[in-house]
Amino acid sequence: MQIKILKSAIQDLIHGYKFYESQGFNLGSYFLDSLFSDIDSLLISAGIHSMHFRKFRLLSKRFPFAIYYTMHDEIVLVHAVLDCRQNPRKASQKLK
């Protein structure tokens with residue numbers, strides 16, 4: 001199995017990194033390490049998560065973020081990495 005992170009999800013990760021880096025020294029780096037660890041776990045657990053907005057949703061273990069992905073053959077496509085504290089309508093619009 002292979003994981004591909006789409007540009008939209010990379011932008012979400014950058015946005016989250018900048019926010020957490022402004023909150024404390026190296027917190028942004030810890031955020032990225034944690035989220036990439038969660039994404040890497042999809043190599044083992046892809047497809048077992050609940051569906052939301054027609055995508056599988058993996059909740060991050062350490063931060064209030066959700067990783068939205070789909071599966072095509074042996075490829076996991078990460079579409080978005082969104083803050084769960086935001087209005088769900090924003091997630092719905094982004095994932096259309």
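Q: Buried means under 20% relative accessible area and exposed means over 50%. With that cut-off, is Tyr68 buried or exposed?

A: Tyr68 has a relative accessible area of 5%, which is under 20%, so it is buried. Keep in mind that this is a predicted model.

Q: Ok. Which strand is Tyr68 in?

A: Tyr68 sits in strand β4. That strand covers residues 65–72, and six of its eight residues are buried, so β4 is largely enclosed by the rest of the structure.

Q: What's the strand order in the sheet?

A: The order is β1-β5-β4-β3-β2, in an open sheet of five strands with mixed pairing. At the edges are β1 (2–5) and β2 (51–52), each of which pairs on one side only.

Q: Which way do β1 and β5 run, parallel or antiparallel?

A: Parallel, with four bridges between β1 and strand β5, residues 75–83. To pick out one position, Gln2 has Ile75 of β5 as its bridge partner.

Q: And β4, what does its pairing with β5 look like?

A: That pairing is antiparallel, over eight bridges. Ile67 is opposite Val81 of β5. The two strands form a hairpin with two residues between them, where Asp73 takes a positive phi near 55 degrees.

Q: Other neighbour of β4, then: how many bridges join β3 to it?

A: Four, and β3 and β4 run antiparallel. The hairpin joining them goes through five residues. Leu58 is the residue that stands opposite Ile67 in β4.

Q: Switching to helices. Which strands does α1 lie across?

A: Helix α1, residues 7–23, lies across β1, β4 and β5, and its angle to β5 is about 35 degrees. Helix α2, residues 27–40, lies across β1, β3, β4 and β5, at about 30 degrees to β4.

Q: What about the largest nonpolar core, which residues touch the most other members?

A: Those are Leu35, Tyr69, Val78 and Val81, out of 17 residues in that core. At least two core residues come from each of α1, α2, β3, β4 and β5.

Q: Take Leu35. What does it touch further off in sequence?

A: Leaving out residues up to four places away, Leu35 touches Leu13, Ser60, Phe63, Phe65, Ile67 and Val81. There's also another core of six residues lying apart from the largest one, with Ala80, Leu82, Ala91 and Leu95 among them.

Q: Aromatics next. How many pairs are there?

A: Nine aromatic pairs. Tyr20 and Phe31 make one where the ring centres are 5.2 Å apart and the planes sit at 25 degrees, so that pair is stacked.

Q: Where in the chain do Tyr20 and Phe31 come from?

A: Tyr20 is in helix α1 and Phe31 in helix α2, eleven residues apart, and the pair links distant parts of the chain. Tyr20 counts as buried at 8% relative accessibility, and so does Phe31 at 0%.

Q: Does Tyr68 pair up with Phe53 as stacked or tilted?

A: Tilted: the distance from centre to centre is 6.3 Å, with 50 degrees between the planes. Phe53 is in the loop between β2 and β3, and Tyr68 in strand β4 is 15 residues away along the chain. Phe53 counts as partly exposed because its relative accessibility is 35%.

Q: Which residues form the aromatic cluster?

A: Phe19, Tyr20, Tyr30, Phe31, Phe63 and Phe65 form one cluster. Phe63 and Phe65 were also on the contact list of Leu35.

Q: I might need a protonation state for His79. Where is it?

A: His79 is in strand β5. Its side chain makes a polar contact of 2.7 Å with the side chain of Thr70.

Q: What else does His79 touch?

A: Not counting residues up to four places away in sequence, His79 touches Leu6, Ser8, Ala9, Lys55, Tyr68, Tyr69, Thr70 and Leu95. Leu95 is among the members of the six-residue core.

Q: Last one: what's the separation of Gln23 and Ile75?

A: Their C-alpha atoms are separated by 34 Å, with the two positions 52 residues apart along the chain counted as the spacing. Gln23 lies in helix α1, and a polar contact of 3.3 Å joins its side chain to that of Ser22.

Key:
Residues numbered from 1 in each chain as written. Predicted model: local features only at pLDDT ≥ 70, side-chain atom pairs only at ≥ 80, totals over all residues. Heavy atoms only, no water. Pairing = 2+ DSSP bridges. Contact = heavy atoms within 4.5 Å. Axes fitted to C-alpha atoms, helices over the stretch in contact; angles between N-to-C directions. Polar contact = N/O pair within 3.5 Å; in protein donor to acceptor, adjacent residues only side chain to side chain. Core = buried A, V, L, I, M, F, W, Y, C linked by side-chain atoms within 4.5 Å. Buried < 20%, exposed > 50% of the residue type's maximum accessible area, 1.4 Å probe, protein only. Phe/Tyr/Trp six-rings, centres within 6.5 Å; stacked < 30°, edge-to-face > 60°.
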